[in-house]
Amino acid sequence: MKNKSLVSINDFTKENHLRIIELAAEFEKKPVQDLLSGKVIATLFFEPSTRTRLSFESAVNKLGGRIIGFTDASSSSVSKGESLKDTIKTVMNYSDLIIMRHPIEGSARYASEVSNVPIINAGDGANQHPTQTLLDLYSIYKTQGTLDGLSIFLVGDLKYGRTVHSLLMAMSQFNTTFHFVSPVELKIPDEYKIHLDSLGLKYFEHTDFTANIHEADIVYMTRVQRERFSDPIEYEKVKNTYVLRNYMLSETKPGMKILHPLPRVNEINDDVDENTKAYYFTQALNGVFTRQAIITSILGIK
Amino acid sequence: MKIMKDIRELKVSALRNGTVIDHIPAKCLFKVISILGLDKIDNHLTFGTNLESKKLGTKAIIKISDKFFQDDEINKIALVAPDAKLNIIKEFEVVEKKVVVVPDYITGIAKCFNPKCITNAEKVTTKFTVISKKNVTLKCHYCEKITDQEHMEII
Ligand SMILES: [Zn+2]
């Protein structure tokens with residue numbers, strides 16, 4: 001993976017995914033190491049995403065690297081109309097690695113083609129956010145002890161949810177059974193079902209949240225956003241249907257875990273937080289170890 | 001190979017050596033000329049357009065002297081003229097006939113349908129993987145979104 005940009009989850013093979021998980025586990029045991037001393041990492045956030053940026057910066061800081069960059073486009077030359085190409089061509093002279101978030105889809109791929117240092121995509125619009133997917137894989141592996149043969153429930157906005165689509169693509173390499181739980185308006189797009197069919201994987205679609213939830217190893221929750229509905233009445237009808245509440249967990253497997261990319265709005269009720277099956281805050285911590293693994297393997301240090 | 005001579009091909013003007021591209025949809029004539037860069041070469045070029053065609057309604061035809069295309073070069077017109085047929089002429093005789101084939105990858109030519117794509121935001125040449133050749137469907141190399149035939153726009 002040395003010097004290879006990470007733009008899309010589809011850039012990494014199954015072996016690459018497993019390698020990142022293995023490294024993340026090493027960093028979890030020893031998160032503070034002097035591996036990045038003398039390295040300069042640029043974090044270019046053309047749109048703000050405090051949560052993702054802090055996770056990356058924490059990962060770099062714990063390994064002794066230095067960070068340069070900007071936290072939103074208004075504080076950079078971009079606000080003066082500089083092209084993405086020119087920004088990247090400039091910043092690559094000052095850094096060993098560029099981590100970028102940009103509202104335009106495909107921007108990270110393009111940046112990786114004009115840059116002579118590797119790019120990590122920290123989100124390009126509605127397209128890709130591969131480090132989120134890798135931290136999800138690490139969280140699943142850590143809690144289940146395997147990625148093979150699991151039953152995963154994906155809940156909420158399955159039509160527009162970028163994290164859901166990437167997770168599906170990655171987990172489809174591991175003989176997963178998928179349960180798709182969503183309102184009709186936000187169903188999983190056909191292209192993903194075609195993909196699963198081509199691999200011969202089992203999947204089920206539900207509009208009723210609690211149907212078969214006792215089979216779940218992982219329940220992956222996402223936000224159902226008002227602006228996704230063309231008809232506001234439809235939103236009002238479903239807005240409380242896909243909310244996870246503590247009483248719904250009584251029949252679930254003891255080792256089942258609930259994941260969420262965060263931030264949540266109301267889709268996981270507060271009474272779930274104290275349940276041992278709630279895993280979303282630890283999942284965020286796993287993001288730091290996973291990003292340490294990604295950065296060091298791309299820089300050829302690990 | 002059987003050598004065929006088609007008298008109708010000689011109507012516009014006789015071509016000694018070169019290529020005849022037939023069955024181009026009339027409205028796409030200038031797109032084909034531009035995709036193949038025929039507006040930038042010095043070869044003799046004749047074309048006819050708004051000719052009657054049973055299949056296309058109206059069609060256009062291009063004759064280029066002393067020009068023979070590589071397959072990957074000519075296949076670039078498949079998006080705009082999928083039914084195009086080529087006659088390769090040597091000494092006034094048709095020595096070979098070719099049809100165009102939709103290529104596996106397409107650079108330039110088409111526009112990405114996604115308004116939020118980098119190729120529509122900055123000066124970036126579009127690149128696509130062809131995921132279906134029958135009803136041509138393209139997957140953008142950058143934003144990974146699908147552009148189908150119905151939404152395809154030629155640059
Ligand atoms: Zn695109």
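Let's start in helix H2 of chain A, residues 50-62, where A:Arg53 and A:Glu57 sit four residues apart, so about one helical turn separates them. Their side chains meet in a salt bridge, at 3.4 Å from N to O. Please keep in mind that this is a predicted model. Searching the whole structure, over all chains, turns up 24 salt bridges.

Staying with chain A for a moment, I'd like to show you two spots in the backbone. As a reminder, most residues other than glycine have a negative phi, and most peptide bonds are trans. Now look at A:Asn212: not a glycine, yet its phi is positive, about 65°. You'll find A:Asn212 in the loop that runs between strand S7 (203-206) and strand S8 (218-221) of chain A. The other spot is the peptide bond joining A:Leu262 and A:Pro263, which is cis, with omega about 0°. A:Pro263 belongs to the loop between strand S9 (257-259) and helix H9 (280-298) of chain A.

Over to chain B, then. Chain B has two helices and eleven strands, and reading along the sequence gives the pattern β-α-β-β-α-β-β-β-β-β-β-β-β. Its C-alpha trace spans about 50 × 30 × 30 Å along the principal axes.

Chain B brings us to the zinc ion. Which residues are its protein donors? They are B:Cys112, B:Cys117, B:Cys140 and B:Cys143, each through SG, at 2.3 to 2.4 Å from the zinc ion. Along the chain these donors follow the spacing C-x4-C-x22-C-x2-C. The step across the x22 stretch links distant parts of the chain: B:Cys117 is in the loop between strand S7 (110-111) and strand S8 (127-132) of chain B, while B:Cys140, 23 residues apart from it, is in strand S9 (residues 137-140). And the geometry? The four donor atoms make angles of 99 to 116° among them, and the site is tetrahedral. For reference, the ideal angle for four tetrahedral donors is 109.5 degrees.

Finally, let's put the two chains together. Here 14 residues of chain B are in contact with 15 residues of chain A. Between them the chains bury about 1100 Å², with 46% of that on carbon and sulfur atoms. Which residues of chain B lose the most area to chain A? That would be B:Glu122, B:Tyr142 and B:Glu144, which together account for 41% of what the chain B side buries.

As for specific pairs, there are two salt bridges across this interface. One of the salt bridges pairs the side chains of B:Lys127 and A:Glu113, again at 3.4 Å from N to O. There are also ten residue pairs in polar contact across the interface, both partners at pLDDT 80 or more. On the chain B side, the residues touching chain A divide into six nonpolar, two polar and six charged.

That's my tour; thanks for listening, and I'm happy to go back to any part of it.

Key: Residues are numbered from 1 along each chain as its sequence is written. Chains are lettered from A and ligands numbered from 1 in the order in which they are written. This is a predicted model: local features need pLDDT of at least 70, side-chain atom pairs count only at pLDDT 80 or more; totals for chains, interfaces and linings use all residues. Side-chain values use heavy atoms; hydrogens and water are left out. Contact means heavy atoms within 4.5 Å. Buried area is the accessible area (1.4 Å probe) that two parts lose on being put together, summed over both. A salt bridge is a side-chain nitrogen of Lys or Arg within 4 Å of a carboxyl oxygen of Asp or Glu. A polar contact is a pair of N or O atoms within 3.5 Å; within protein, one must be able to donate a hydrogen and the other to accept it, and residues adjacent in sequence count only if both atoms are side-chain atoms. Ala, Val, Leu, Ile, Met, Phe, Trp, Tyr, Cys and Pro count as nonpolar, Asp, Glu, Lys and Arg as charged, and the others, Gly among them, as polar. Donors are N, O and S atoms within 2.8 Å of the metal (3.2 Å for Na, K and Ca); water is not among the atoms, so sites may look incomplete. Four donors count as tetrahedral if all angles lie between 85 and 135 degrees; four count as square planar and six as octahedral if opposite donors are over 155 degrees apart and all others between 65 and 115; anything else is irregular.
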